[in-house]
Amino acid sequence: MATSAQFTRLPHPAPTAARDRAAVLADPGFGKCFSDHMVCIDWSEDKGWHNPVIGPRGPIALDPAAAVLHYAQEIFEGLKAYRTADGGIALFRPEANAARFNASARRLAMPELPEDVFVAAIRELVAADSEWFPTVEGGSLYLRPFMIATEAFLGVRPAKEYKFLVIASPAGNYFKSGAPAVSIWVSDYTRAAPGGTGAAKCGGNYAASLVPTAEAFAKGHDQVLFLDAAEHKWIEELGGMNLFFVFADGTLRTPALTGTILPGITRDSLLQLAREEGLTVEEERYSLDQWRADAASGHLIEAFACGTAAVVTSVGKVADRTSEFTIGSGGPGQLTQKLRARLVAIQRGEAPDTHGWVTRLD
């Protein structure tokens with residue numbers, strides 16, 4: 001099952017017409033449109049992983065008592081396929097996504113998926129939908145692997161049946177505003193607490209962020225910032241991205257991974273690139289009050305958010321219920337732009353991949 005030869009391929013009875021697909025790819029936005037195919041693999045307690053299929057994207061049949069609907073046993077990942085400078089197709093660190101997927105599975109009492117099967121499933125989908133790459137500058141094919149508990153029962157225990165699926169969406173700019181630097185709102189809500197599921201990529205974490213995110217949007221901001229649950233003073237992460245801080249002395253800081261923050265793959269990549277640039281890199285906690293003071297004094301000169309969807313995006317303004325402050329000039333920072341450019345160049349095959357991060361699919 002780990003190789004592409006072992007997938008059953010079902011023909012699509014009515015794939016999207018070329019003209020309709022071209023219209024989507026010219027302005028895909030983010031997460032609004034989907035490609036023609038999907039991957040599905042089943043798991044059961046007696047058979048393990050079985051029945052790998054690549055076929056038409058469509059509705060999933062679920063019993064009303066399926067465990068995912070009642071006990072939220074669900075995890076997911078997000079990664080992108082890129083068109084490279086030579087016209088090929090590549091993935092960026094898919095093995096890291098596979099490893100994080102399994103870490104999430106362990107936390108939610110779900111079966112682990114062999115990493116080679118995870119990557120093989122993505123290969124299958126990208127091959128089937130290779131004509132779905134956006135034509136806009138910087139476009140990519142966003143991939144969403146996920147697993148749900150499908151056993152029909154009522155009772156609080158791990159399910160005994162699951163489905164692993166992968167769907168794809170042509171992607172353009174993540175932030176709707178298109179602004180060169182985003183504005184963030186400091187939430188009174190808490191995203192995660194010690195001992196919880198903050199380090200797992202599960203739907204429940206994101207469901208809990210919807211009210212504070214809507215509040216941020218209503219106030220004219222692009223994203224929401226969460227502080228720690230215990231003291232409500234230490235910066236953790238945004239609604240779906242990690243945060244970095246750049247200081248005038250050349251230091252780069254990001255909050256340490258303490259079990260309440262999602263360990264971002266973009267975050268890890270940027271830490272490695274920053275060290276290669278000769279920067280002093282710190283993974284330490286940082287308070288909102290200190291951030292405000294450092295921005296006012298000029299000690300802090302840049303801040304940026306990062307993640308698979310948004311890549312690297314400058315933070316220009318921060319606001320809460322009592323005040324707001326601007327970082328630097330309020331626009332993109334030089335180091336932010338430099339790190340972003342270097343990362344994107346590696347992802348798209350425009351710069352040497354000295355880390356072995358890029359997996360070619362052609």
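Here are some notes on the cores, the empty spaces and a few single residues in this predicted model.

1. Start with the largest nonpolar core, which has 42 residues. Phe118, Leu143 and Phe164 are the members that touch the most others in it. Helix H4, residues 115-128, is the biggest contributor, giving eight residues to this core. In soluble globular proteins, nonpolar side chains tend to be buried together.

2. Next, H4 itself. The buried residues there are Val117, Phe118, Val119, Ala120, Ala121, Ile122, Glu124, Leu125 and Val126. Notice that Glu124 is on that list along with the nonpolar residues. As for geometry, 14 residues at 1.5 Å a residue should span 20 Å, and the end C-alpha atoms of H4 are 20 Å apart, so the two agree.

3. What does Leu143 touch, leaving out residues up to four places away in sequence? From H4 come Ile122, Leu125 and Val126. The run from Glu77 through Gly78, Leu79 and Lys80 to Ala81 is in contact too, and the list is completed by Leu91, Ile167 and Ala168.

4. A second core lies apart from the one around Leu143, with 23 residues. Its members include Ile184, Leu227, Leu238 and Leu288. Leu227 is a handy way into it: this residue sits in strand E10, residues 223-227. Its relative accessibility is 3%, so Leu227 counts as buried. Beyond four places in sequence, Leu227 touches Val186, Thr190, His232, Lys233, Trp234, Ile235, Glu236 and Leu288. Look at Tyr189 as well: Leu227 and Tyr189 are 38 residues apart in sequence, yet their C-alpha atoms are 8.1 Å apart in space.

5. Now the enclosed space. How many cavities of 30 Å³ or more are there? The count is one, and it holds about 100 Å³ of space. Its lining is made up of Leu79, Lys80, Tyr82, Phe92, Asn97, Ile265, Thr266, Gly307, Thr308, Val311, Leu343 and Gln347. By type, that gives six nonpolar residues, five polar and one charged. Strand E5 (79-83) gives the most, with three residues, while helices H7 (265-276) and H9 (334-347) each supply at least two. Leu79 and Lys80 turn up in this lining and also among the contacts of Leu143.

6. The largest pocket has about 1,100 Å³ of space. Its lining runs to 47 residues, and those nearest the centre are Phe30, Tyr174, Gln223, Gly240 and Ala309. The lining divides into 20 nonpolar, 19 polar and eight charged residues. Elements that each supply at least two lining residues are strands E7 (140-149), E8 (161-171) and E15 (300-307), together with helices H5 (203-208), H6 (210-218) and H7. So H7 is worth a look from both sides, as helix H7 also supplies at least two residues to the lining of the largest cavity.

7. Two backbone points to check. Ala72 has a positive phi of about 60° without being a glycine. This residue is in the loop between helix H2 (67-71) and strand E4 (74-76). Arg93 is another non-glycine with a positive phi, near 55°, and lies in the loop between strand E6 (89-92) and helix H3 (94-107). Which of them is buried and which partly exposed? Ala72 counts as partly exposed because its relative accessibility is 45%, whereas Arg93 is buried, with a relative accessible area of 14%.

Methods: Residues numbered from 1 in each chain as written. Predicted model: local features only at pLDDT ≥ 70, side-chain atom pairs only at ≥ 80, totals over all residues. Heavy atoms only, no water. 1 Å grid on protein atoms, 1.4 Å probe; cavity = no way out; pocket = protein on both sides within 12 Å on 5 of 7 lines; lining within 4 Å. Points joined across faces, edges and corners; volume = space filled by probe spheres on them. Helix = DSSP H or I, 4+ residues; strand = E, 2+ residues; numbered from the N terminus. Core = buried A, V, L, I, M, F, W, Y, C linked by side-chain atoms within 4.5 Å. Buried < 20%, exposed > 50% of the residue type's maximum accessible area, 1.4 Å probe, protein only. Contact = heavy atoms within 4.5 Å. Expected span 1.5 Å × (residues − 1).
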